[in-house]
Amino acid sequence: MISEISIIEVLYGIVLASWSLFLEMSPYLFMGFLIAGILHVLIPDEKVLAYLGESAGKIRSVINASIMGLPLPLCSCGVVPIALSLKKRGATNGATLSFMISTPEAGVDSIAITYALLDPIMTVFRPVATLFTAIAAGIVENFSAATEERSLISKPLVMMHSPAAQDCGCSSSDGTCSSNIEIGIVSRISAGIKYAFVDLLGDISKWLIIGTLIAGVIAYLVPEEVISSYLGGGIFPMLIMLLIGIPLYICATTSTPLAAALVAKGMSPGTAFVFLLAGPATNATTITMVLKFLGKRTAMVYVGMIAVCSIGFGLLLDYIYLSLGIQAAAVVGSGADIVPPYIQLVFAIVLLPLMVHGMFRKKCT
C-alpha cells in the first residue's frame with residue numbers, strides 16, 4: 001500500500017526544516033554582513049592585497065587569513081559574506097578558503113563552551129586542529145597546478161575615494177572642518193551598509209536560499225537518532241560522523257553540547273571531534289556558495305581537506321587519550337550563548353525582505 005505521507009506533507013516538512021535552519025542562521029548571517037560592510041569601509045583594498053592577496057605570497061596569505069579568522073565568533077554561513085567580500089577585493093582563493101574554515105570552527109565562544117562541557121585536552125586540541133586544517137586547505141588550493149581561471153567572482157574592486165578621505169585634510173578655521181568630517185563619517189557608514197545589505201547580499205541571496213533548501217532536505221531526511229546510533233571509536237564511526245556532519249548546518253557553539261552528550265554516552269572523543277571539526281566548517285549552503293563563487297575545483301579542495309583532516313585529527317585525538325590513559329570527560333548541558341528564538345525571528349524578518357530586494361535588484365541590473 002502506498003504510504004499515506006503525501007508529497008505535500010514532505011514538502012511542508014522540508015520547508016519547515018529550511019525555515020528552522022534559516023532562523024538559526026539569521027543572527028550570524030546578519031553579523032557576517034555587518035562585519036563585511038565595516039571591513040569594506042575601514043580596510044583599504046591595498047591592505048587586503050598586501051596581507052591576503054598574491055603579493056603576500058601563496059603561504060603567508062593563507063596563514064594571515066587563518067589567524068585572522070580564528071577568534072571571530074561566526075558560523076559557517078555568517079562567514080560567507082566576509083570571505084566573499086575579501087575574495088572580491090583581491091584575496092587569493094587559498095586565503096579565502098582558509099578564512100572560511102578557521103572562522104566557524106573555533107571562535108572564542110565555541111572554545112569557551114568546549115571548556116565548559118568537555119575537557120582541557122579537547123579545548124586545546126580544537127583550535128590547533130582548526131588552524132592546521134585551514135592552513136593546509138589554503139596552501140593546497142594556492143599551489144594547485146590549475147591554469148584556468150576558476151573564480152566566478154568579479155576582479156578586485158578599486159574603491160573610489162570616499163568623502164571622508166578628502167574631508168580629513170580640511171584646514172578650515174571657520175568651524176566647517178568638523179562638520180565635513182561628520183558628513184564624511186556618515187557617508188562611509190552609509191556606504192558600508194549599502195555594500196553589505198544591498199550589493200553583497202544581492203550577489204549571494206539566490207544561492208543562499210538554494211543552499212538553505214538543500215540543507216533543509218537533508219535535515220528533514222536525516223533524523224537525529226541516526227547520529228546517536230553510531231557510538232564507539234574506529235574509522236567506520238568517524239566516516240559516518242563525517243558524512244553526517246559535512247552537509248548539515250550546525251554552528252561550532254551549538255555542535256558542542258551534542259558532542260558532549262555523545263561522549264557521555266560512550267562515543268570516543270576522536271569520533272565526536274570529527275563532528276566538531278567537519279560540522280561547523282561546512283554545510284550544504286556554504287558548499288553551494290563555494291561551488292558557485294570559487295569554482296568546482298576549489299569546492300573539492302574545501303570539502304576534501306576538511307574530510308581528510310577531520311579523520312586524521314580524530315584518530316590522533318583517540319590515540320592521545322589512549323596513550324595518556326585518560327577517559328574523556330563530558331558535562332552534558334546547553335550553551336548559554338545560543339541565540340533565543342525570538343531574536344532569531346527578528347533577524348530573519350529583517351533579512352528576508354533585504355534578500356528578496358537584492359535578488360530582484362540583481363535581475364534588473
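This report walks through a few helices of the structure, from a buried interior to a patch on the surface. The model is a predicted one, so please read every value below as computed from that prediction.

**Inside: helix H5 and its surroundings**

A good place to start is helix H5, which covers residues 93–105. How many of its residues are buried? The count is 13 of 13, so the helix is largely enclosed by the rest of the structure. Its length also agrees with expectation: at 1.5 Å a residue, the 13 residues of H5 should span 18 Å, and the C-alpha atoms at its ends are 19 Å apart.

Thr103 is one of the residues of H5. Thr103 has a relative accessible area of 0%, and because buried means under 20%, Thr103 counts as buried. Its side chain reaches back to the backbone oxygen of Phe99, at 2.8 Å.

Phe99 turns up again when we look at Ala83, a residue of helix H4 (residues 79–88). Leaving out residues up to four places away in sequence, Ala83 touches Thr96, Phe99 and Met100. Ala83 is buried too, at 1% relative accessibility. How far apart are Ala83 and Thr103 in space, C-alpha to C-alpha? The distance is 9.7 Å, while in sequence the two are 20 residues apart.

Another residue to visit is Thr130, in helix H7 (residues 120–143). With a relative accessibility of 0%, Thr130 counts as buried. Beyond its neighbours within four places in sequence, Thr130 is in contact with Leu70, Ile101, Ser102, Glu105, Ala106 and Leu277.

**Outside: a nonpolar patch**

Now for the surface. Here Trp19, Leu345, Ile349 and Leu352 form a nonpolar patch, and together they have about 340 Å² of accessible area. Which helix gives the most to this patch? That is helix H16, residues 341–364, with three residues. Ile349 has its place in H16. Is Ile349 buried or exposed? Its relative accessible area is 51%, and because exposed means over 50%, Ile349 counts as exposed.

**Four residues side by side**

The table gathers the accessibility of the residues met along the way.

| Residue | Relative accessible area | Class |
|---|---|---|
| Ala83 | 1% | buried |
| Thr103 | 0% | buried |
| Thr130 | 0% | buried |
| Ile349 | 51% | exposed |

To find these places in the 3D view, you could begin with Thr103 in H5, go on to Ala83 in H4 and Thr130 in H7, and finish at Ile349 in H16.

Key: Residues numbered from 1 in each chain as written. Predicted model: local features only at pLDDT ≥ 70, side-chain atom pairs only at ≥ 80, totals over all residues. Heavy atoms only, no water. Patch = residues over 30% accessible without salt bridge, like charges linked within 9 Å, V, L, I, M, F, W, Y side chains within 5 Å. Areas by Shrake-Rupley, 256 points an atom, 1.4 Å probe, with all protein chains shown as cover. Salt bridge = Lys/Arg side-chain N within 4 Å of Asp/Glu carboxyl O. Helix = DSSP H or I, 4+ residues; strand = E, 2+ residues; numbered from the N terminus. Buried < 20%, exposed > 50% of the residue type's maximum accessible area, 1.4 Å probe, protein only. Contact = heavy atoms within 4.5 Å. Polar contact = N/O pair within 3.5 Å; in protein donor to acceptor, adjacent residues only side chain to side chain. Expected span 1.5 Å × (residues − 1).
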